[in-house]
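Let's take a walk through this structure, starting at the ligand and finishing with the cysteines. Have the 3D view open as you read.

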Amino acid sequence: MAESSSYHAVYQRWQSDPKGFWGDAATAIDWFSDPEKVFDPDAGAYGRWFVGGTTNTCHNCLDRHVAAGRGSQNALIYDSPITGRKRAITYAQMLSEVTALAAIIRDRGLKAGDRVIIYMPMVPEAVMAMLACARLGLVHSVVFGGFAANELATRIDDCAARLVITASCGLEPGRIVAYKPLLDAAIAMARIKPESCIVLQRGELSCELTEGRDFDYESLMATARANAEAVPCVPVEATDPLYILYTSGTTGQPKGVVRDNGGHMVALHWSMHAHYGVKPGEVFWAASDIGWVVGHSYIVYAPLLHGNTTILFEGKPVGTPDAGTFWRVIAEHGVVALFTAPTAFRAIRKDDPKAEHVGRYDLSKFRTLFLAGERADPDTIQWAQNALKVPVIDHWWQTESGWPMVGNPVGLGQLPVKLGSPSVPLPGYDVQIVDDTGRQLGPNTLGNVVVKLPLPPGALPTLWHAPERFHKAYLDEFPGFYKTADAGYIDEDGYLFIMARTDDIINVAGHRLSTGGMEEAIATHPDVAECAVIGIADDMKGQIPVGFFVTNNGVEQSPEEIAAGVVKVVRDRIGPVAAFKNAFQVKRLPKTRSGKILRATLQKIADGEDWKIPATIDDPAILDEIAAVLKEHRVGKAFREGNDG
Ligand SMILES: CCC(=O)SCCNC(=O)CCNC(=O)[C@H](O)C(C)(C)COP(=O)(O)OP(=O)(O)OC[C@H]1O[C@@H](n2cnc3c(N)ncnc32)[C@H](O)[C@@H]1OP(=O)(O)O
């Protein structure tokens, strides 16, 4: 097939000459000084890309487009059905706002390499803050608004942030999320206190500023705009960090994924045309949150690097105001490609099963729907295909990779879609399936999904100030490979199928969460002696967490009261994003004779999957006790209405 041969030719070219391939891709980026080497295998943990080159990500996102005549094109369209506000910002306007903000930050004494926490809702100022940091060579760390103060404090401490840029509140349907109390609590908890905070006051809720520490965003900006000072882009090494993005690890301590400047720009720019098939000037929409990697890569950096218009959407797929809101945005702004999580489509489908809202809008410019962040179930893909009459492209990647590892490269000529598969490895990624000893497995055999080193440009070079953890988490188990911690298989046509995680991470509505972290939170409850959290299948969110706890002797509260306290402690310590709503008191937890809790068996029981009594179990009767609890509460696929387990 002519189309698919394009992908195969490009992949083969990368395989035969990776340095030539990425060296060519790098010509799309402005360098202040050219890289001395496209790839240095002796640098870093597995080599580094574009060593010796200097550049600046903000320059490549804004300045060069304005210089090239794109100044009057919209860089960003803010569409907020939750507030009723809309705002279009051209590349020239974005450049002047970012420059003014950079002047403010520079005047606070921050220097290249210093860290800035950005704790903001989906407002244009959040994107400006990211770009202002990039302009100055600062390292930003964006924290998702659905996290609790404790998670924010962990991140402030880990990166030793000097400055926090925040807003008075975020907006969720039916409630205002006051950010300032969360920030104050986080700073009180943090061992390393940021020197100052810049606070954007939103009309929906203003907050008190702490004298001497907090500064009003708009007042500072008014002065900076009036001064209109030039703030040149600071040249940084290609290998210098652009940002740290924390992602769940197997403990409550998140992993600080580091992203560099040079490789990141090269890979993202390439992905916009090769994978997403969009042309500069077109409107691209990633309906995610800037707190996740999808937001970093495909709301902010990739579309701007590529000269696209990006949409910043502050709303939900349903309820703001209805299940037609996505189609309204697509029609109104001329979106050509939408990237979102399957959960969003499951929510839309539930509200509007016949897709009646679609007919109300002109979607003639819309070409492709991309899904990622969690497994895209065939039902949802088919529903979307029928509703929208455009290709629906599943693809697979991780916070660590920063851009798609496996996909269906629309820009290279779309390959046939196989439902349930995100398709084929993209150039840069030699994806293999190995058994637990590292032996490569043949087609259609389930095993560990690994990527042959080196990782391509854009992928994480290390974890922030934790090189040993980086090795232990990703490189040690399968020498010469990056461990994805996903399990799956590759079929005879080279299509990957992701089946499960190999660690305790669960995926709730496209959010990667650690059950270990939730257990750590529950263990802080004074009445809890021990606990276990598992992820069970959920028709809407893909997975949801369920907790089981055993109380200390002599506890007087009822099981329901303690369960409510356990749910609260997870929400207070991790945040609403954990979607932790099910906690059950049990007499005992099922364990092996060596004391390991049998979480995988519990999950299979709840999901109604085949399971066997593990040979090493201490007391098999405990499994029946827990099944009885799930049945009583009708929790888990096996025990919901109509199922008797
Ligand atoms: C490919 C690489 C990657 O995987 S990067 C990660 C990709 N993932 C994504 O893009 C996430 C996709 N998911 C979503 O956008 C949302 O889950 C969608 C589908 C829109 C549904 O949103 P929602 O209805 O709020 O459900 P939810 O499960 O997200 O929320 C659970 C509770 O958390 C809250 N929450 C959510 N966001 C915030 C926020 N920014 N600030 C404060 N709170 C937030 C929600 O309100 C909800 O709270 P509650 O339990 O109802 O009280």
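What follows looks at the ligand's surroundings and then at the cysteines, all in a predicted model.

Start at the ligand, which has 26 residues around it; the ones that come nearest are Glu172, Ser288, Lys316, Lys541 and Lys581. If you sort the shell by residue type, you get 12 nonpolar, seven polar and seven charged. Where does the shell come from? Domain 1 (16-315) and domain 3 (511-639) each put in at least three residues. As for secondary structure, at least two shell residues apiece come from β10 (175-178), α10 (293-305) and α12 (342-351).

Now zoom in on the ligand's oxygen atoms. Lys316, one of the nearest residues, has a polar side-chain atom 2.6 Å from a ligand oxygen. Arg571 also reaches in with its side chain, placing a polar atom 2.9 Å from an oxygen of the ligand. With Pro576 the backbone does the job: a polar backbone atom there sits 3.4 Å from a ligand oxygen. How much of the ligand does the protein bury? On its own the ligand exposes 1,000 Å², and 81% of that is buried by the protein.

On to the cysteines. With a cut-off of 2.5 Å between sulfur atoms, the model has zero disulfides. Take Cys133: the nearest cysteine sulfur belongs to Cys58 and is 10 Å away, so Cys133 falls outside the 2.5 Å limit and is in no disulfide. Is Cys133 buried or exposed? Cys133 counts as buried because its relative accessible area is 0%, under the 20% cut-off. Cys531, at 10%, is buried too.

How values were computed:
Residues numbered from 1 in each chain as written. Predicted model: local features only at pLDDT ≥ 70, side-chain atom pairs only at ≥ 80, totals over all residues. Heavy atoms only, no water. Buried < 20%, exposed > 50% of the residue type's maximum accessible area, 1.4 Å probe, protein only. Near = heavy atom within 4 Å. Polar contact = N/O pair within 3.5 Å; in protein donor to acceptor, adjacent residues only side chain to side chain. Areas by Shrake-Rupley, 256 points an atom, 1.4 Å probe, with all protein chains shown as cover. Helix = DSSP H or I, 4+ residues; strand = E, 2+ residues; numbered from the N terminus. Nonpolar A, V, L, I, M, F, W, Y, C, P; charged D, E, K, R; others polar. Domains from an automatic or database assignment.
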